[in-house]
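Okay, thanks everyone for squeezing in. I'll put the model up and then walk through the helices, the rings and the charged pairs.

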Amino acid sequence: PLESDVLAYALMGQLERLSIAFAAAPDRLDLLRSLNGVAQLARELPFEVNLWKTQNVYFRLLRSVYLEMCARSEGDPAVLEWTGQFRLLGENLGFEVQ
């Protein structure tokens with residue numbers, strides 16, 4: 001049997017570490033992809049993972065970096081991928097991003 005409390009705590013810690021690293025370097029697509037993968041895993045598990053710290057970081061970036069990236073996304077494939085990954089991360093964290 002899974003020790004859901006221990007796994008949830010470990011996953012929460014990993015999400016928090018990745019979100020802090022991503023907030024410090026939001027242009028790093030590799031960090032965004034990693035954060036997205038862990039957030040998707042947390043969403044698919046049969047137990048609850050506390051996401052509030054990661055959600056707070058996401059929300060701050062949504063109001064700042066995401067808006068900047070959207071403004072310069074015309075025709076730039078790297079920026080388009082970044083915004084797509086960021087929206088997917090929002091979904092995995094329980095946000096509805098337009």
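Let me start with a question: in which hand does α3 pass α5, left-handed or right-handed? The crossing is left-handed, meaning that the near helix is turned anticlockwise from the far one by less than a right angle, with clockwise being right-handed.

Before I go on, the small print. This is a predicted model, so local features need pLDDT of at least 70 and side-chain atom pairs count only at pLDDT 80 or more, while totals for chains, interfaces and linings use all residues. Residues are numbered from 1 along each chain as its sequence is written, and side-chain values use heavy atoms, with hydrogens and water left out. When I say helix, I mean a DSSP run of H or I with at least four residues, strands being E runs of at least two, numbered from the N terminus.

Back to that crossing. The axes of α3 and α5 come within 11 Å and cross at roughly 145°; those axes are lines fitted to C-alpha atoms, for helices over the stretch in contact, and the angles run from 0 to 180 degrees between N-to-C directions. Who makes the contact? On the α3 side we have Y58, L61 and L62, and on the α5 side F86, R87, L89 and G90. Contact here is heavy atoms within 4.5 Å.

Two of those names lead to the rings. Y58 and F86 have their ring centres 4.3 Å apart and their planes at 15°, so they are stacked. The rule covers Phe, Tyr and Trp (its six-membered ring): centres within 6.5 Å make a pair, and planes under 30 degrees apart are stacked, over 60 edge-to-face, the rest tilted. Y58 sits in helix α3 (residues 52–63) and F86 in helix α5, so the pair ties together parts 28 residues apart in sequence. Both are buried: Y58 has a relative accessible area of 2%, and F86 has 0%. For the cut-offs, buried is under 20% relative accessible area, exposed is over 50%, and partly exposed is in between, using a 1.4 Å probe and protein chains only.

And that pair has company. The structure holds six aromatic pairs, and ring pairs link F22, Y58, Y66, W82, F86 and F95 into a cluster.

Now α5 itself. The helix has 16 residues and reaches 22 Å from its first C-alpha to its last, close to the 22 Å expected at 1.5 Å a residue, where the expected span is 1.5 Å times one less than the number of residues. Its buried residues include V79, W82, T83 and Q85, and the buried residues of α5 pack against α1, α2, α3 and α4 (65–71).

On to helix α1, residues 4–24. This one has 21 residues and spans 30 Å from first C-alpha to last, close to the expected 30 Å. Among its buried residues are A8, M12, G13, L15 and F22, and the buried residues of α1 pack against α2, α3 and α5.

L11 is a nice one to click on in α1. With a relative accessible area of 11%, L11 is buried. Leaving aside neighbours within four places in sequence, L11 is in contact with V38, L41, A42, L45 and V49. L11 and V38 are 27 residues apart along the chain, yet their C-alpha atoms are separated by 7.6 Å.

Over in helix α2, try N36. At 3% relative accessibility, N36 counts as buried. With the same four-place neighbours set aside, N36 is in contact with Q85, L88, L89 and N92.

Last bit: charges. How many salt bridges does the structure hold? Two, where a salt bridge is a side-chain nitrogen of Lys or Arg within 4 Å of a carboxyl oxygen of Asp or Glu.

One joins the side chains of R28 and D30, at 2.6 Å, N to O. R28 is partly exposed at 39%, and D30 is partly exposed at 38%.

The other joins E81 and R33, with the closest N and O atoms 2.6 Å apart. That pair links distant parts of the chain, E81 in helix α5 (residues 77–92) and R33 in helix α2 (residues 29–44), 48 residues apart. E81 is partly exposed at 33%, and R33 is partly exposed at 40%.

That's my tour, so over to you.
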